Amino acid sequence: MGSLNNLTEHLETYVDVSRSPTHHAESLKAIAASLEKGVLSLNQLVVEMDMYLTTTDDVVRARGILLLAEILNHLKSKPLDNAVVHSLIAFFTSKLVIWRSLRGALTGCLALIKRKGVAGVVTATDAEAVAKSMAQNVQVQSFALHDRKLCFELWECLVEQYPEAMINLGNLIVFATCEAIDGEKDPPCLMVAFHVVELLARLFPSPSGPVASEASDLFEFISCYFPLHYTHTKGDEASIPREDLSRGLSLAISSTPFFEPYAIPLLLEKLSSSLPVAKVDSLKCLKDCAVKYGVNRMKKHYEGLWSALKDALYSSPGRDLSFGLEFLTSPGFEMDEIHREAADLLQRLVKQDISFLGLVVDDIRVNMVFDTISRYSRYEEMPDTSKLEVLVVSQILSVSARASVDSCNIIFQTFFFRLMNTLGIVEETSTGDLVHKENSTVSTRLYHGGLHLCIELLTASKDLIPSSKESSSTPGSAQQSWSSIVNRFSVSLIGAFTSALQSSNDDCSADAYLGVKGLLAMGMFRGGSSPISRSEFEKILTTLTSIITAKSAKTVKWELALKALVCTGSFIDQYHESEKALSYMGIVVENLVSLVRSSQCSLPYPLILEATSEVCSTRPKYVEKMVEGFEEAFCSSFSDFYVNGNFKSIENCSHLLECVTNKLLPRVTEIDGLEKSLVHFAISMWNQIESSVVFSYDFNGREFVEAAMKTMGQIVGVALVDSQNSIIQKAYNVISSSTLPAMESIPLTFAALEGLQRDLSTRDELTLSLFASVIIGASPKASIPDVKPLIKLLMVSLLKGYIPAAQALGSMVNKLGTGSGGTCSLEEACDIIFYESFASGNDISSDDSSKSKCGSETLLSKICLGFYGSLDLQTRAITGLAWIGKGLLMRGDGRVNEIALVLMECLKSTSGSGNALHPSAMKHAADAFLILMSDSGECLNRKFHAVIRPLYKQRFFSITVPILESLIVNSQTPLSRTMLHVALAHIVSNVPVTVILDNTKKLLPVILEGLSVLSVDAVDKETLFSLLLVLSGTLTDIKGKQSVSDNAHRIIECLVKLTSYPHLMVVRETAIQCLATLLELPHGRIYPFRREVLQAVTKALDDPKRRVREEAIKCRQAW
Amino acid sequence: MNSLICLRLRLPPALLSLSLIELKSFCGRKKMVNGLINENPIVYEIKHRRDVRADSSSNTNELSVDAIDHLEVFDHIRDIKDPEHPYSLEQLKVLTEDSVEVDDSKSHVRVTFTPTVEHCSMATIIGLCVRVKLMRSLPRRYKIDIRVAPGTHATEAAVNKQLNDKERVAAALENPNLVEMVDECLSSSFE
């Protein structure tokens, strides 16, 4: 009973027009849901609704009917009794007559007719009744938009789902459709209407049917929309895009051949209009019609079509052949839409009926082009009209040739001989026979136009070769007479292209471009039935390769040839041409790789490398070959260097390594087996170093060492754990057999360390750096042998000032202990780092001066604080400590807190024991915070498998910032104060902005103070800028608003000062931008500062930098 | 209150009358002409804008100085809207790049503008807009000289005189109606 009460309520709500649409929707949903669940039956509902459906109040009745209809709409998938459906559809059909309740009646009919598959479908007789009633009673055009759309949808549904019933109605339905469409203007309705026309045409295909007899009327109604033009472009976002509607119209027009006598003349007429949209639309529509109307009907229009097509092709303005690199694989000129559509249509027509080609072949303009070609030898010399002529004709021919094998044959038979004649490959004898001059390339006349036409034809024909699978099944190679024609001339053609390429000089790109493009076209015939024999293919490759190897500098020609080779390579890979792949490997790849190996050629080494890597990257097999070649080249150059002291070879080595890093490493995931060969490469690098016992020549090859480190690190980074292990083992062997381990046994007293005069030899430095990069790149799972001695070694080198050693230590402590094969736990490692390494020499730890106030009594920290050793040692220790700290921080180890404390201790003006710290040490300590907080590209990142705990920056921030703040308050000297601020700025600017925003209130005063302190010295400009960016971040965010508002006076004061900051333009610019942002604060809060700001900004109008001035103008206007 | 009255009284009568005349001459057109002066102006393409941010040498070299040149000044004024059309002065070719002459070392700038029609009574308003915009955009050290291109306006001399008279400009800017009109024209150029 309760549900019934609810029902009445819902019904009342829905029927009440004064309620809001959301209320209506809710009540509708509720009723539908209860019906769906079976709480309420449809009969019950109808009985309950009786009053609403039969009342004399028009409005209420209309709402009632609509409600019933909408409910049915919701119940599309619910099985209903056939009798119920019948009575419902009868009810709605009867209501179609009354215009007031039309909306409900239409919706109801639609909902019922759309039912399919489930129990309870409308029968054909009922559907017929609906259609009849619609046709007789409903005046579609007199309704509002939504109702019209419903009408059309109902038509659509009826025609689609009850074809038999509709056929019974015959003429009536066609008339009704005509009547309904007449005068329709809204895109959504038209879209449906066009579809209805299309469906009707399908429904009555017979020539004596109603559509055939009414074709002219029906066409008249739809053709008046062509070409579509929207008068109201804006406003209707939900409306249908023009393209869709135009497509619908085109389908409707092409729906039945009966439209042909009316449609084609109309479309041809529209094609000659000056409106580009009309042209494109007519071309598209003609294409549809050509398919649907059939050859016989189209035939009588061929003349008209051809001339219209020609006009369209010639008319598109301003096209020019460009000889750019990027056009090597495309037609070589820009096409607009009209042009593209025209070409499409031409191809479609030729494909459909070969007789259309007769028009093309006999056309005077097409035939004239050969005269034009032979009149100008150079493309640049041609007047624009001739250029256009050549381009268009070449396109017409290539498009038609592409249409089918037959058309291609005809085109080749008709034109190719003449073309060859023009180019001088074929000569006419006195008897009028054409004689092929096999070996007279000398007399070949290089007409650019001719070459272009030739290339276009060749590229067109090459697409016709069926892929290897099909060709084996179809024995029809005899019918491909074009292929034999190409075959006959291939030698001469290749000769012609080659001579074009070779005769070209650097300032004329046309020759080179056409030559290379021609060769490329010849080389890209695929399959066994290719008209180009293998020896000819090889000749092409040889020519191109010789261009690359012969040139001593990067020219257009060189680049073109390289691009062509790369294209050929990827073409071979794409179509699995095994035979050609062999030739390619033999001629191109081996040639280039041997060049890399020998490094004795006129071409600069980087160019060889570029060419090789480009060419070889087309196929995994070549890559393998290339890496082998690289490896050999590296070994030979390297040994050449250390035996003969050839500095050129070491330079080559650096280039080679760079090439490996930049070109090969990024592609490891794409190419199978590359990882393995790269690991092999890395190991042979170590082998080389191992065998080069002594460098007989000193070199300051910073560049080489860096390149080697980068390559080594990245190879290790991408390698699998097993391969990593083998590299590490190899590296360890090398390092343990080198002179380096001697450093371990250096008496680790500070005096000894200080006195250690001997610098590392070049080789040792190289070994050490490479080893460090191996450690940096290794993943936590890789096992490192003999960790303890290695740590000691790295510690000593760190204190000697080798940053890579420090980074390696950082990586080590970051990754230790998580792996399985660790011989040393993190605890032990830290012990070694912090205490042990120096304890062996002198019992310093018992030194009483070391009882400092700093929290942890570590040795390293004491060095940092300057208790022992020189200033150099101190700064190195600080930097090293920072890297180690970073490693610990990222894995979330607690020891980093102690390190932070030590570093902060360094920042105090006087250390615990009272001796003053040197400014440079303080500077290093401040910068250590940057190392700790920033993301490094060199080590300890994801690429190098670092262990990264989430939110480590936030944690460090929350620990250190309060301490730093209190230190700043208590700082005694200006220097220490500045340094503390630098450190704080590093932390604040590297932590995610959200953290800052949560703490704005606390941080803002410190940031502002920092800004003013840092602005004193030019050295801190970068830090100042990053801090300013943090400030600007807080200004724009809603969270910071309150505290910004509270501190407005100080912020403005600070920013005003920064508008004249002399050292960095971006600082001034950002400061002014910040001032502009501040205007969002309440007016009363900032108004007092108006004068001050305006003064500052007016001064900035005279800034030396334009960017600043621009911002100043905006800001001034805003204030 | 008293002092305020005194101030008013102390204002020299000559100046008062001057500003009154000014008001008339600047706003006169509004009452005189009912239709638009140039109903159907020719709209031209606008030139490509120089991208200030893309200037690499200026961005990398901290010490280099970008002198204020005619392009920069032109950038300031090109987007000023015409008082009676929704087009910018550049689109109407009232201003072109060549119409601005700048001498940064002497702190002098001269803008020569070309009214669309000879009898254009908008010339003074346009000139005023240009002057106000430059006053707001250039450093104070600049002397701004604005004139109508020779031979393009019926009352050329009068307009030139009016535009370069400091006091007359100041007086005009005291008129709220006029300032509102100028600000409306300038609003688009501050984006």
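**Exercise 1. How many bridges join β1(B) to strand β2 of chain B, and do they run parallel or antiparallel?**

Keep in mind that this is a predicted model.

Step 1. Look at β1(B) beside β2 (residues 108-113) of chain B: four bridges join them, and the two strands run antiparallel. One bridge to pick out pairs Val100(B) with Val111(B) in β2(B).

Step 2. Now follow the turn. The hairpin of β1(B) and β2(B) has four residues between the strands, and there Ser107(B) takes a positive phi near 55°.

**Exercise 2. Work out the strand order of the open sheet in chain B and find which strands stand at its edges.**

Step 1. Three strands make up the open sheet, ordered β1-β2-β3, with mixed pairing.

Step 2. β1 (100-103) and β3 (143-148) of chain B each have a single partner strand, so one side of each is left without a neighbour in the sheet; those are your edges. On average, neighbouring strands here are turned by 10° against each other, direction ignored.

Step 3. Add the helices. Helix α4 (residues 70-77) of chain B lies across β1 and β2, at about 130° to β1(B). Helix α6 (residues 156-164) of chain B lies across β2 and β3, running at about 160° to β3(B).

**Exercise 3. Describe how α49(A) packs against α50(A).**

Step 1. Start with geometry: the axes of α49 (residues 1000-1014) and α50 (residues 1021-1036) of chain A come within 10 Å and cross at roughly 145°. The crossing is left-handed.

Step 2. Then check who touches whom. Residues of α49(A) in the contact include Leu1004(A), Ile1007(A) and Leu1011(A), while α50(A) brings, among others, Leu1024(A), Leu1027(A) and Leu1031(A). The tally for this contact is 10 nonpolar, four polar and no charged.

**Exercise 4. Compare the surroundings of three salt bridges: Glu72(B) with Arg1109(A), Glu1110(A) with Lys1114(A), and Arg141(B) with Asp104(B).**

Step 1. Glu72(B) and Arg1109(A) have their closest N and O atoms 2.5 Å apart. This pair crosses between chains, from helix α4 of chain B to helix α56 (residues 1106-1118) of chain A. Both residues are buried.

Step 2. Glu1110(A) and Lys1114(A) meet at 4.0 Å, N to O. Both sit in α56 of chain A, four residues apart, about one turn of the helix. Glu1110(A) has 29% relative accessibility, so it counts as partly exposed; Lys1114(A), at 34%, is partly exposed too.

Step 3. Arg141(B) and Asp104(B) meet at 3.4 Å, N to O. They link distant parts of the chain, 37 residues apart. Arg141(B) is partly exposed at 37%, and Asp104(B) is partly exposed at 23%.

Notes:
Residues are numbered from 1 along each chain as its sequence is written. Chains are lettered from A and ligands numbered from 1 in the order in which they are written. This is a predicted model: local features need pLDDT of at least 70, side-chain atom pairs count only at pLDDT 80 or more; totals for chains, interfaces and linings use all residues. Side-chain values use heavy atoms; hydrogens and water are left out. Two strands pair if DSSP finds at least two bridges between them. Axes are lines fitted to C-alpha atoms, for helices over the stretch in contact, and angles run from 0 to 180 degrees between N-to-C directions. Contact means heavy atoms within 4.5 Å. A crossing is left-handed if the near helix is turned anticlockwise from the far one by less than a right angle, and right-handed if clockwise. Ala, Val, Leu, Ile, Met, Phe, Trp, Tyr, Cys and Pro count as nonpolar, Asp, Glu, Lys and Arg as charged, and the others, Gly among them, as polar. A salt bridge is a side-chain nitrogen of Lys or Arg within 4 Å of a carboxyl oxygen of Asp or Glu. Buried means under 20% relative accessible area, exposed over 50%, partly exposed in between (1.4 Å probe, protein chains only).
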